[in-house]
Amino acid sequence: MRTTVSCLSVRQPWAWLIVHGYKDIENRTWPTRHRGDTVIHAGLVFDNDGLLWVQARFPHLRPLLPERYDLGGAVGTCQVLRCVQSSDSPWFMGPHGFVLYGARPIAFAPMRGRLGFWEEPITERLHASLRGTATQAELAASGQQGLFT
């Protein structure tokens with residue numbers, strides 16, 4: 001069983017757009033060799049200019065965007081398929097783009113972010129979020145049993 005998971009910190013609203021399947025590429029100034037399962041971490045800093053850009057460029061997304069965004073924790077997962085230097089994706093701005101696939105949101109799990117890709121220990125809370133189940137403490141509070149019993 002894995003004890004860590006690969007993570008990438010992304011500012012909001014970009015993290016939300018990725019994990020809800022709208023943004024299929026993550027732009028960076030650096031390339032990566034990382035491939036595979038990745039937890040998307042929402043950073044503590046919100047990109048206000050980015051939100052305005054999204055609203056102007058993709059007006060059909062305006063009614064779908066949340067009023068509040070989770071910050072400072074894991075918000076979803078995806079697969080990193082490859083790293084490209086050009087793409088037809090309307091989200092590509094380069095110079096490098098991480099092509100993403102199979103994104104899905106998860107229950108928010110607080111954690112500290114880092115630069116680049118990093119390995120995060122899988123805590124009970126993160127494991128529950130990744131599995132879509134309640135934590136042992138949440139289950140105990142509700143009188144139920146689950147994944148960690």
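C83 is partly exposed, with a relative accessible area of 22%. In this predicted model, C78 counts as buried, because its relative accessibility is 3% and the cut-off for buried is under 20%. As for disulfides, the count comes to 0.

Next, helix α2. The helix runs over residues 48-57, and its buried residues are G50, L51 and V54. Why do these residues sit on the same side of α2? They cover an arc of only 100° around the axis, which puts them on one and the same side of the helix. The general background is that an α-helix has 3.6 residues a turn, so residues three or four places apart point the same way.

Which residues of α2 are exposed on the other side? Those are N48, D49, L52 and A56. If you have the structure open, turn the helix and look for the two sets: G50, L51 and V54 are buried, while N48, D49, L52 and A56 are exposed.

What covers the buried residues of α2? The cover includes helix α1, residues 14-19, and strand β3, residues 36-46.

Now the N-terminal end of α2. This end is capped by D47. A side-chain oxygen of D47 lies 3.4 Å from the backbone nitrogen of D49. D49 is also one of the exposed residues of the helix.

Last, the aromatic residues. How many aromatic pairs does the structure hold? There are 10. One aromatic cluster is formed by W14, W53, F58 and W91. In general, a pair of aromatic rings is described by two things, the distance of the centres and the angle of the planes.

Key: Residues numbered from 1 in each chain as written. Predicted model: local features only at pLDDT ≥ 70, side-chain atom pairs only at ≥ 80, totals over all residues. Heavy atoms only, no water. Buried < 20%, exposed > 50% of the residue type's maximum accessible area, 1.4 Å probe, protein only. Helix = DSSP H or I, 4+ residues; strand = E, 2+ residues; numbered from the N terminus. Arc of directions from axis to C-beta. Contact = heavy atoms within 4.5 Å. Polar contact = N/O pair within 3.5 Å; in protein donor to acceptor, adjacent residues only side chain to side chain. Disulfide = S-S within 2.5 Å. Phe/Tyr/Trp six-rings, centres within 6.5 Å; stacked < 30°, edge-to-face > 60°.
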